[in-house]
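Here are my notes on this one, written up as numbered points. Have the viewer open while you go through them.

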Amino acid sequence: MAAETSGAIEQEEQIVTPWEVAAEKGGKIDYDKLIDKFGCQRLDQSLIDRVARLTGRPPHVFLRRGVFFAHRDFNDVLDAYERGEKFYLYTGRGPSSEALHLGHLVPFMFTKYLQDAFKVPLVIQLTDDEKCMWKNLTVEESQRLARENAKDIIACGFDVSRTFIFSDFDYVGGSFYKNMVRIAKCVTYNKVVGIFGFSGEDHIGKVSFPPVQAAPSFPSSFPHLFSGKDSLRCLIPCAIDQDPYFRMTRDVAPRLGYHKPALIESSFFPALQGETGKMSASDPNSAIYVTDSAKDIKNKINRYAFSGGQDSVENHRKFGANLEVDIPIKYLGFFLEDDNELEHIRTEYGSGRMLTGEVKKRLTEVLTELVERHRRARAAVTDEV
Amino acid sequence: MAAETSGAIEQEEQIVTPWEVAAEKGGKIDYDKLIDKFGCQRLDQSLIDRVARLTGRPPHVFLRRGVFFAHRDFNDVLDAYERGEKFYLYTGRGPSSEALHLGHLVPFMFTKYLQDAFKVPLVIQLTDDEKCMWKNLSVEESQRLARENAKDIIACGFDVSRTFIFSDFDYVGGSFYKNMVRIAKCVTYNKVVGIFGFSGEDHIGKVSFPPVQAAPSFPSSFPHLFSGKDSLRCLIPCAIDQDPYFRMTRDVAPRLGYHKPALIESSFFPALQGETGKMSASDPNSAIYVTDSAKEIKNKINRYAFSGGQDSIENHRKLGANLEVDIPVKYLGFFLEDDDELEHIRTEYGSGRMLTGEVKKRLTEVLTELVERHRRARAAVTDEV
C-alpha cells in the first residue's frame with residue numbers, strides 16, 4: 001500500500017494536509033504531482049460521460065469544469081450502481097467559524113447534485129470535536145458553531161428524508177464508537193505520524209481523532225439508517241486535502257471486512273487575492289461569504305479579486321488577459337453554469353476585447369444571485385429542521 | 001508535578017504498570033519504594049482511626065491489615081465529608097476473562113464497605129473497549145465478558161439504588177465523550193509515553209484510551225447522576241498498579257476546573273504459588289476462582305498454596321513457619337475477619353506449635369464460605385438487574 005499511504009510532509013515540496021495547504025515556493029498547487037504522490041486517479045472525460053449516462057442528466061458544472069478532478073474507485077461504485085446496488089454519500093465539515101464562504105459550499109453543492117442524480121442517502125459529519133481539539137475552542141463553542149454551520153448546510157437543499165446530519169459531540173457512542181475502536185486498533189502511532197505529521201508534543205486528542213473521521217465510511221456506524229446492509233458502499237465527495245484520512249481508512253477497511261470507501265475529490269477554491277492556497281477564515285477579504293451583502297460582494301470583487309488583466313486599457317487590448325491567474329475567470333468557472341457563455345468570456349477577455357471591469361461585473365451578478373438564493377434558503381431553516 | 005508523574009519503566013527496577021507487575025530480580029514488590037516513586041502517601045493508623053470515628057463502625061479488615069495501604073488526598077475527602085460535603089466512589093474492572101478470582105474481588109469488597117460506611121453513590125466502569133484493544137478481542141466478545149463480570153460485581157452486594165455500573169461500549173458518548181476530549185487535549189503524546197510506556201508500534205487505540213479511564217473521575221461525566229454538582233469530589237479505590245491513570249487525571253483536573261480525584265490503593269493479592277507478582281488468568285492454579293467448588297478450593301490450597309512451613313515436622317516444631325512467605329497466612333490476613341484469631345494463628349504457626357495442615361484447613365473453611373456466599377448472591381442476579 002506504499003502509494004496509498006505516502007503523503008509525508010517535506011519542506012521543499014508543496015504541502016497538502018487537512019490542516020495546511022501551501023504551494024511550492026509560493027507558486028500554484030501542482031495537481032498532477034499531487035495525484036501522483038497521493039496515488040489517486042484522474043477523473044477523465046469517459047467517467048464524466050458515464051455519470052451523465054447513468055443519471056440521465058447533464059453532468060454537474062463542477063465535473064464539466066474539472067473542479068472535481070480526482071477519484072478513488074469511483075468506477076467500482078458506478079459498476080455496483082449499474083447492477084442495482086445503491087451506495088451512500090458521506091461528506092462533512094469542520095465547524096471552525098460561523099461564516100461559510102463560497103469555497104466551503106463547493107463540496108456541498110456537488111454532494112447535493114450527486115444525491116439528486118443517484119437518489120441515494122447521505123450522511124454529513126460536523127467534526128466539532130476536531131475543532132475543539134485543533135482550534136482550542138471549548139466544547140460548548142464548537143457545538144454552537146456546528147449548529148450554525150448546519151443551517152447553512154441544510155440550506156444547500158439536501159433531501160431531508162434521505163440526509164442525516166450529525167455533530168460528533170452529539171452522535172459519538174454505540175456502534176459509531178465501536179467502529180472507532182476497531183479502526184484505531186488497525187493503525188499504529190507511527191502510521192499516523194507518517195500520514196498526518198503528528199509529533200510528541202501534540203496532545204493525544206489529535207492522535208485519537210482520525211478514527212472519528214474514518215468511522216462514517218462504514219455503514220455499520222449508522223445502525224438506525226443502514227441496519228443489515230454491511231456491504232453498502234460509500235462514496236465520499238471532499239476536497240483533496242482530506243485524502244490522507246481516507247487513505248488510512250481504505251487501508252483499514254478490508255481488515256474489518258468492509259468495502260473501501262470511494263472518493264471523488266476537488267481542487268482548492270482559490271482565494272480572492274490569488275492562487276496561493278486555500279482561503280483563510282482570518283482574512284475576510286480573501287473570500288466571499290454567504291453572509292456578504294450585494295454591496296460587500298461587489299466591493300470585494302472590485303477591490304480584491306486578483307486580476308489577470310493588463311495594467312492599462314491599451315496593453316490589455318494588445319495582449320489580452322492572463323487567464324491562468326485571473327480570479328474572476330476562475331470563479332466564473334465554478335459558478336457560471338452556461339458553458340457557452342463562459343467560453344465566450346474566456347475568448348473575449350483572453351484576446352483583450354473584453355475588459356476586467358466587465359468580467360468582474362458578470363461575476364458580481366452570478367455570485368450575488370447565488371448568495372441571495374442561499375440566504376433565502378437558510379432563513380427558511382427553522383430550529384426544528 | 002514531577003513526583004506525581006514519575007513512573008517510567010526501568011528494567012533494573014521493579015515494574016508496576018496497569019499491564020505488567022514484576023518484582024525486582026524475582027523478589028517481592030517493595031511497596032515503600034513504590035510509594036516513594038509514585039509519590040502517593042502511606043495510609044497510617046491515624047487515618048484508619050479517623051475513618052472509624054467518622055463512620056461509626058470498625059474499619060474494614062483490609063484497612064486493619066494494611067491491604068489498602070496508600071492514598072492520595074484521602075484526608076481532603078474526609079475533611080469535606082465532615083463538613084457535610086458528600087463524595088462519590090469510582091472503581092472499575094477490565095473484563096479480560098469470564099472467571100473472577102479472589103484478587104479481583106478485593107477492590108469490590110472494599111468499595112462496598114466504603115459505600116455502606118459513608119452512604120455515598122458509586123460508579124463502576126467495565127473497560128470492555130480497553131480489553132478489546134489490548135487483548136485483541138472482538139467488540140462483541142469484550143462486551144459479553146463485561147456482562148458476565150457485571151454479575152459477579154453486582155453479587156458483591158452494592159446498594160442498587162446508589163450504584164451505576166456501565167460498560168464503555170454502551171456508555172461512551174454525550175457528556176462522557178466531551179470529558180474524554182477535554183482530558184485528551186491536556187495530555188501530550190510524550191506524556192503518555194512517559195506514564196504508560198507506549199511506543200510507535202502501538203496502535204492509536206491504546207494511545208487514546210487513558211482519557212476513557214480518567215473521565216469517570218469527573219462528576220460531569222454522569223449528568224444523569226450528578227447534574228449540577230460539578231464540585232462533587234471523587235474517591236477511587238483501586239489496586240496500586242492503576243495509579244498511573246490517575247496521576248495523569250490529577251494532573252489534568254485543575255486545568256478543567258475540577259477537583260483532583262482522591263485515591264485509596266491496595267497492594268497486590270499474592271498468587272497461590274507465592275509472592276512473585278499479580279495472579280495470572282492463564283494459570284488456573286495460581287488463584288482461587290469464584291467458580292471453584294469446595295473440593296477445588298481444598299485441593300488448590302493443599303497442593304499449590306506456597307507454604308512457609310518447614311520441610312519436616314521436627315524442623316517445623318523447632319524453627320516455626322516463615323510468615324513472610326507463607327501464602328495461607330497471607331490469605332487469612334485478607335479474609336479472616338477476627339483479628340484475635342488471626343493473631344493466635346500467626347503466633348502458634350510462627351513458633352511451630354501449629355502445623356501447615358491446620359492453617360490450610362482453616363483457610364479452606366474461610367474461603368469456601370466466602371465463595372459459597374458469593375455464588376448464592378450471583379445466582380440471584382437476574383438479567384434485569
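1. Let's start with a residue that has an unusual backbone. A:Asp73 sits in the loop of chain A that joins β4 (68–72) to α5 (74–82); helices (H or I, at least four residues) and strands (E, at least two) here are DSSP runs, numbered from the N terminus. Although not a glycine, A:Asp73 has a positive phi of about 60 degrees. Its relative accessibility is 26%, so A:Asp73 counts as partly exposed. The scale runs like this: buried is under 20% relative accessible area, exposed is over 50%, and partly exposed lies in between (1.4 Å probe, protein chains only).

2. Before going on, some ground rules. This is a predicted model, in which local features need pLDDT of at least 70 and side-chain atom pairs count only at pLDDT 80 or more, while totals for chains, interfaces and linings use all residues. Residues are numbered from 1 along each chain as its sequence is written, chains are lettered from A and ligands numbered from 1 in the order in which they are written, and side-chain values use heavy atoms, with hydrogens and water left out.

3. Chain B has a positive phi outside glycine too: B:Lys119, with phi near 55 degrees. Look for B:Lys119 in the loop between α6 (102–118) and β6 (122–126) of chain B. With a relative accessible area of 44%, B:Lys119 is partly exposed.

4. Staying with α6 of chain B, have a look at B:Thr111, which is part of that helix. B:Thr111 is buried, at a relative accessible area of 0%. Setting aside residues up to four places away in sequence, B:Thr111 touches B:Leu89, B:Thr91, B:Leu122, B:Phe158 and B:Pro237, where contact means heavy atoms within 4.5 Å.

5. Which residues of helix α11 (residues 189–196) of chain B are buried? They are B:Tyr189, B:Val192, B:Ile195 and B:Phe196. These residues lie on the same side of α11(B), because they cover an arc of only 125 degrees around the axis; the arc is that of the directions from the helix axis to the C-beta atoms. Just after α11(B) comes B:Gly197, with a positive phi of about 80 degrees.

6. Now the chain A helix of that number. The axes of α11 (residues 189–196) and α15 (residues 243–252) of chain A come within 9 Å and cross at roughly 145 degrees. Axes are lines fitted to C-alpha atoms, for helices over the stretch in contact, and angles run from 0 to 180 degrees between N-to-C directions. The α11(A)–α15(A) crossing is right-handed (near helix turned clockwise from the far one by less than a right angle; anticlockwise would be left-handed). On the α11(A) side the contact is made by A:Lys191, A:Ile195 and A:Phe196, and on the α15(A) side by A:Pro244, A:Tyr245, A:Met248 and A:Asp251. Sorted by class, that contact has five nonpolar, no polar and two charged residues. For the classes, Ala, Val, Leu, Ile, Met, Phe, Trp, Tyr, Cys and Pro count as nonpolar, Asp, Glu, Lys and Arg as charged, and the others, Gly among them, as polar.

7. How many residues of helix α15 (residues 243–252) of chain B are buried? The count is 10 of the 10, so α15(B) is largely enclosed by the rest of the structure. Among the buried residues are B:Asp243, B:Arg247, B:Arg250 and B:Asp251.

8. Another helix pair in chain A deserves a check. The axes of α16(A) (residues 294–304) and α20(A) come within 9 Å and cross at roughly 145 degrees, and this crossing is right-handed. Residues in the contact include A:Ile297 and A:Ile301 of α16(A) and A:Leu363 and A:Leu367 of α20(A). By class, the contact of α16(A) with α20(A) has six nonpolar, three polar and two charged residues.

9. In the loop between β9 (262–266) and α16 of chain A you'll find A:Phe268. A:Phe268 is buried, with a relative accessible area of 6%. A:Phe268 and A:Val21 are 247 residues apart in sequence, yet their C-alpha atoms are 9.1 Å apart in space.

10. Last, the cysteines. There are zero disulfides over all chains, a disulfide being a pair of cysteine sulfur atoms within 2.5 Å. For A:Cys156, the nearest cysteine sulfur is that of A:Cys238, 16 Å away. A:Cys156 is buried, at 12% relative accessible area.
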